[in-house]
Amino acid sequence: MTKQGWLKTQGWRSVLALGLLMALSACVTVNIYFPAAAAQKLADQVVGEVYKAAAKGALQAPVAPAVSAPAPTAPARSAAPAMNSLSMASPYHAASYLLAMGFSAISGTAEAAANLNASSPGVQSARAQVEALATQMHPYFVSGAVGYTANGQVTIHDAAAVSLPQRAPLNGLVSSYNQALSNLYQQIADANGHPEWAGQIQQTFAQAWISKAPAGYWYQSPSGQWQKK
């Protein structure tokens with residue numbers, strides 16, 4: 001093998017190594033990226049609708065977030081021309097091409113994760129259940145008998161605010177509401193293909209339940225102290 005041929009072979013080996021590295025980087029990005037801003041937007045929307053339905057004392061059909069129409073895509077092209085061009089390019093230009101393609105793939109992943117899917121049947125059913133139970137819970141929130149915790153759940157705040165015969169049913173209602181909330185968080189995570197996001201979604205909703213709570217509602221701070229809106 002001539003020196004020139006040896007250098008070209010080494011150059012292509014470097015290009016292949018770079019391509020593998022970019023592929024691995026893209027996979028890592030997909031696995032760890034959580035769209036916090038999109039989750040907050042969805043939480044604000046859902047929480048606002050739940051509070052509105054509860055205040056009216058009647059259920060409202062959950063409305064799926066608007067989904068923009070997909071942008072028209074160009075007809076698929078054969079990969080052969082691109083590969084032929086790549087094979088004729090120098091290792092330097094080939095490396096530049098792979099870098100551009102790698103960063104494009106990563107950017108596309110981040111853009112796709114910019115919105116959360118909340119239109120699946122599981123999410124819609126979970127939202128309807130939360131709204132139904134929130135309507136029943138509303139008088140107890142107003143009286144101060146219950147309040148939101150710092151982790152997106154509900155607990156008893158002042159049992160004395162309800163009569164003794166009502167306390168056992170209220171405990172059951174609180175338990176059912178918490179189960180419905182947990183199911184909602186999980187359904188959103190599942191609908192977006194990341195069941196492991198349920199905890200992060202729950203924390204995002206926890207902030208929304210408190211920040212959007214009507215005046216007079218009670219809630220717990222992260223330290224566990226009760227505060228009134």
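**Exercise 1.** Determine which residues of H5 are buried in this predicted model, and which elements cover them.

*Solution.* Step 1: apply the cut-offs, where buried means under 20% relative accessible area, exposed over 50%, and partly exposed in between (1.4 Å probe, protein chains only). Step 2: list the buried residues of H5, which are Val123, Gln124, Ala126, Arg127, Val130, Glu131, Leu133, Ala134, Thr135, Met137, Tyr140 and Phe141. Step 3: identify the cover through contacts (heavy atoms within 4.5 Å). The cover includes helices H2 (36-56), H6 (164-191) and H7 (198-211), together with strands E1 (146-148) and E2 (154-156).

Residues are numbered from 1 along each chain as its sequence is written. The model is predicted, so that local features need pLDDT of at least 70 and side-chain atom pairs count only at pLDDT 80 or more, while totals for chains, interfaces and linings use all residues; side-chain values use heavy atoms, without hydrogens and water.

**Exercise 2.** Compare the span of helix H5 with its expected value, and locate its kink.

*Solution.* Step 1: the expected span is 1.5 Å times one less than the number of residues. Step 2: H5 (residues 121-143) has 23 residues and should therefore span 33 Å; its end C-alpha atoms lie 34 Å apart, which agrees. Step 3: the bend at a residue is the angle between axes fitted to the seven residues ending there and the seven starting there. A kink of about 45° lies at methionine 137, shortly before proline 139. Step 4: after H5 comes glycine 144, with a positive phi near 90°.

**Exercise 3.** State how many helices and strands the protein chain has.

*Solution.* Helices (H or I, at least four residues) and strands (E, at least two) are DSSP runs, numbered from the N terminus. The chain has 7 helices and 4 strands.
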